[in-house]
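Let's walk through this model with a few quick questions and answers.

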Amino acid sequence: MESAGGEARPVMLPPVQELAGQLGAADDVPARYIARTGAGNDDRKATVTAPVPTIDLARLCQPGGDGEASEAPAGALADTLQSWGLFLVTNHGMEASLMDAMMDASREFFRQPLQEKQKHSNMIDGKHFQLEGYRNDWVPSEKQVLHWTDLWPTCLRDVLNDFTTKCTRVKDCLLPEMAKLLELDDDYFIDQFGGKADAYARFSYYPPCTRPDLALGLKPHSDCSFVTLLMVDNSVGGLQVLQDGVWYDVPTRPHTLLINLGDQIEIMSNGIFKGPVHRVVTNAEKERLSVALFYSIDPEREIWPADKLIDENHPALYKKVKIKEYIAGLYEHVARGEMVIETAKI
Ligand code: OGA
Ligand code: NI
């Protein structure tokens, strides 16, 4: 994706990992990390795990290919794309050893001394933000509430290459299935992606937090991608999804991938498919890691609800948006605690 640097003066912040290391168990988090109201919370506590399905990708993409007479799981896919916008996949073609290697590499990186990590800084000359690199998200405002997380750079290229190749296969298998469910041409989304389609990897490290009731690992947002593939920590949860005003825990299952729809497909499907609002809560005891791969349509293109989905009874609910401009608006909106998707709605 394009650098989101812009002209605003970037704000240099200590890595959250260092900050967490300096805080005693009874210490408060600094005021700038307070994203929640604390005791008696600002939202109802998620006690329920979202009933998102686990889909067998081999069966979905090659019905009958495994010789079994069972039906392809397209029905479960259709249901979840229209409600949760999230699902887990098994049989995704990625070896468990590769997934473990990714997590190990990431963990190892974050364990290094700060000085080593700084060599991969995402601030060029300490001044200009680029998407690639170690440390915080871009912080355009001096006042915005901050995330309790650090990001990893794309410096361990070999393992990442393997991982992204396999993820791209998963994405390529899902696009025609999603088009079919909308009764669009199988190639509709593949064609829309264009030659310069982008993938952006984000490695997050969430240190333990003394005040999980106050800080959030990631504030509520929807992804501005077309679709996001997520590999989350096998043992430490924290990802939650919003449905009808209630936060639900997103289930984890070892060696599955989580597929999360983004705003781009919500727009192109005219809202039939949902890009879910999600967030990451922190916890006092354990660190948490995640790797997200965001697939996005060519930044130079414009997208709009598919013509075939629009008629008198189904008016377009979203405007035409240029991908580049849409993505550029992300950090400003996050800073203000707003959703970029609102700017696309009619
Ligand atoms: C993201 C995201 C979830 C996680 O990076 O957009 O939602 O579990 N990450 O880290
Ligand atoms: Ni996200």
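Below are some notes on the model, then the questions.

This is a predicted model, where local features need pLDDT of at least 70, side-chain atom pairs count only at pLDDT 80 or more, and totals for chains, interfaces and linings use all residues. Residues are numbered from 1 along each chain as its sequence is written, chains are lettered from A and ligands numbered from 1 in the order in which they are written, and side-chain values use heavy atoms, with hydrogens and water left out.

User: Which strand gives the most to the shell around ligand 1?

Analyst: The shell holds 13 residues, where being near means having a heavy atom within 4 Å. Strands 6, 7, 8, 12 and 13 each supply at least two of them; strands here are DSSP E runs of at least two residues, and helices H or I runs of at least four, numbered from the N terminus. With three residues, the top contributor is strand 13.

User: How far is the polar side-chain atom of H221 from an oxygen atom of ligand 1?

Analyst: H221 is among the closest residues to ligand 1. We're talking polar contacts here, pairs of N or O atoms within 3.5 Å; within protein, one must be able to donate a hydrogen and the other to accept it, and residues adjacent in sequence count only if both atoms are side-chain atoms. For H221 the distance is 3.0 Å.

User: Which residue's backbone nitrogen does the N270 side chain reach?

Analyst: N270 sits in the loop between helix 8 and strand 12. Its side chain gets to within 2.7 Å of a backbone nitrogen, that of L317.
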